Amino acid sequence: MIRVELAKLFRRPRTYVIAGLLCALPLIVAIFLATTRIPPPPGQGGAFLSAVLSNGALYPAAAMALVLPIFLPVSVAVLAGDAVAGEASAGTLRYLLIRPVGRTRLLVAKLVALVTFVLFAILTVVLTAYLSGVLLFGVSTSAAGVTLPPDVTSLSGVTISPAGLALRLLGTVGYIVISMLGVAAIALFLSTVTDSALGAAMGALAVLVTSQVLVTLDAAAAIRPYLPTRYWLAWIDFFRDPVLWRDIERGAGIQLVYLVVLLGAAWANFLTKDITT
């Protein structure tokens, strides 16, 4: 069943269209920055955009800061909202379950496909951003004439080696995957509640927009630490020296709670759902 869902994921053109659109924004921004050499004013613009003018190897981090607030969550919400509700609205869910496929097994297969999509989308953005960053903002050359990524200065002013940068990028990818799985859990739960894929996706986005608004509201300070989007940008602390783990750990913990609770609710609801279409 998992192989079937993965095959469906990579056979659908929308998977590649979404990945292409996610890569397009960082590429456009990189072209403008490289052409004009005008950095954003201090305190404005995405994270790391000023630093990439002298360190192209840091552009993957800047790219993730560009796509994370809106584009990546929207993509995950759309696919997760379509996971079950899309099958129901298309009339294929009932036929899937008539075959010897348990509901739990089907839900697990959908979740694995979502995790695979999140990893595919993030790695595509990181790879595209790294290549465009190195090509547009410069590289360094060793004594042997081998092209190497330049050393990067951390947010704390300490130089990060290429190996250290790779480890921090891996940590960033892992953290963002966990954050997006929280989004997927919200949309997947709603996808088991309704037969409308659009309704499930819009419901998940409404939750995220509400969370973003409340994060900036002082009156909501009491619940701010528990909001799903509160620690989305905590991965930036990977690029400090030493790494500040407090917000990273809190953010990962909050997302895991949402993941366990909402996936459990989705499983319980789907297990007892009356499939009529």
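# A guided tour of cavity, pocket and helix crossings

Begin by selecting Cys23, Pro26, Leu27, Tyr59, Val125, Thr128, Ala129 and Ser132, the residues that line the largest cavity. The model on display is a predicted one. The space enclosed by this cavity amounts to about 30 Å³, and the structure holds one cavity of 30 Å³ or more.

Next, colour the helices that contribute to this lining. Helices α2 (13–36) and α6 (103–137) each provide at least two of the lining residues. Helix α6 contributes the most, with four residues. Which classes of residue face the cavity, nonpolar, polar or charged? Six of the lining residues are nonpolar and two are polar, while none is charged.

**The annotated segments**

Now select residues 16–38, 58–85, 106–131, 165–190, 197–223 and 252–271. An unreviewed UniProt entry annotates these ranges as "transmembrane region". Two of them can be examined individually. Across residues 16–38 the chain is 91% helix and 0% strand, with the C-alpha atoms at the two ends 32 Å apart. Across residues 106–131 the figures are 100% helix and 0% strand, and the end C-alpha atoms lie 37 Å apart.

At residue 37, display the backbone of arginine. Arginine 37 is not a glycine, yet its phi is positive, at about 55°. Arginine 37 belongs to the loop between α2 and α3.

**Crossings that involve α6**

Keep α6 in view and add helix α3 (residues 59–67). The axes of α3 and α6 are 7 Å apart, and the two helices pack at an angle of about 130°. An angle from 115 to 145 degrees counts as oblique, and α3 and α6 are therefore oblique to each other. The crossing of α3 past α6 is right-handed.

Then replace α3 with α7 (residues 162–193). Here the axes of α6 and α7 come within 10 Å and cross at roughly 140°. Helices α6 and α7 are therefore also an oblique pair. Viewed for its hand, the passage of α6 across α7 is right-handed.

**The pair α7 and α9**

Hide α6, retain α7 and add helix α9 (residues 246–272). How closely do the axes of α7 and α9 come, and at what angle do they cross? The axes come within 8 Å and cross at roughly 25°. Since angles under 35 degrees count as roughly parallel, this crossing makes α7 roughly parallel to α9. The hand of the crossing between α7 and α9 is left-handed. The residues in the contact of α7 with α9 comprise 17 nonpolar, six polar and one charged.

From α9, move to the loop between α8 (197–215) and α9, where proline 242 is located. Display the peptide bond that joins aspartate 241 to proline 242: this bond is cis, with omega of about 5°.

**The largest pocket**

For the last stop, select Glu5, Arg12, Arg14, Ala83 and Lys110. Of the 15 residues that line the largest pocket, these lie nearest its centre. The pocket holds about 230 Å³ of space. Two or more lining residues come from each of α1 (2–11), α4 (71–90) and α6. Which element supplies the largest share of the pocket lining? Helix α4 does, with five residues.

Colour the pocket lining by residue class to finish. The lining of the largest pocket divides into seven charged, six nonpolar and two polar residues. With both selections displayed, the lining of the largest cavity may be set beside it, with no charged residues, six nonpolar and two polar. Helix α6 can be followed through both sites, as one of the elements that give at least two residues to the cavity lining and one of those that give two or more to the pocket lining.

Terms used. Residues numbered from 1 in each chain as written. Predicted model: local features only at pLDDT ≥ 70, side-chain atom pairs only at ≥ 80, totals over all residues. Heavy atoms only, no water. 1 Å grid on protein atoms, 1.4 Å probe; cavity = no way out; pocket = protein on both sides within 12 Å on 5 of 7 lines; lining within 4 Å. Points joined across faces, edges and corners; volume = space filled by probe spheres on them. Nonpolar A, V, L, I, M, F, W, Y, C, P; charged D, E, K, R; others polar. UniProt positions renumbered as here; feature names shortened; annotations may be inferred. Axes fitted to C-alpha atoms, helices over the stretch in contact; angles between N-to-C directions. Parallel < 35°, antiparallel > 145°, perpendicular 65-115°, else oblique. Left-handed = near helix turned anticlockwise from the far one by under 90°.
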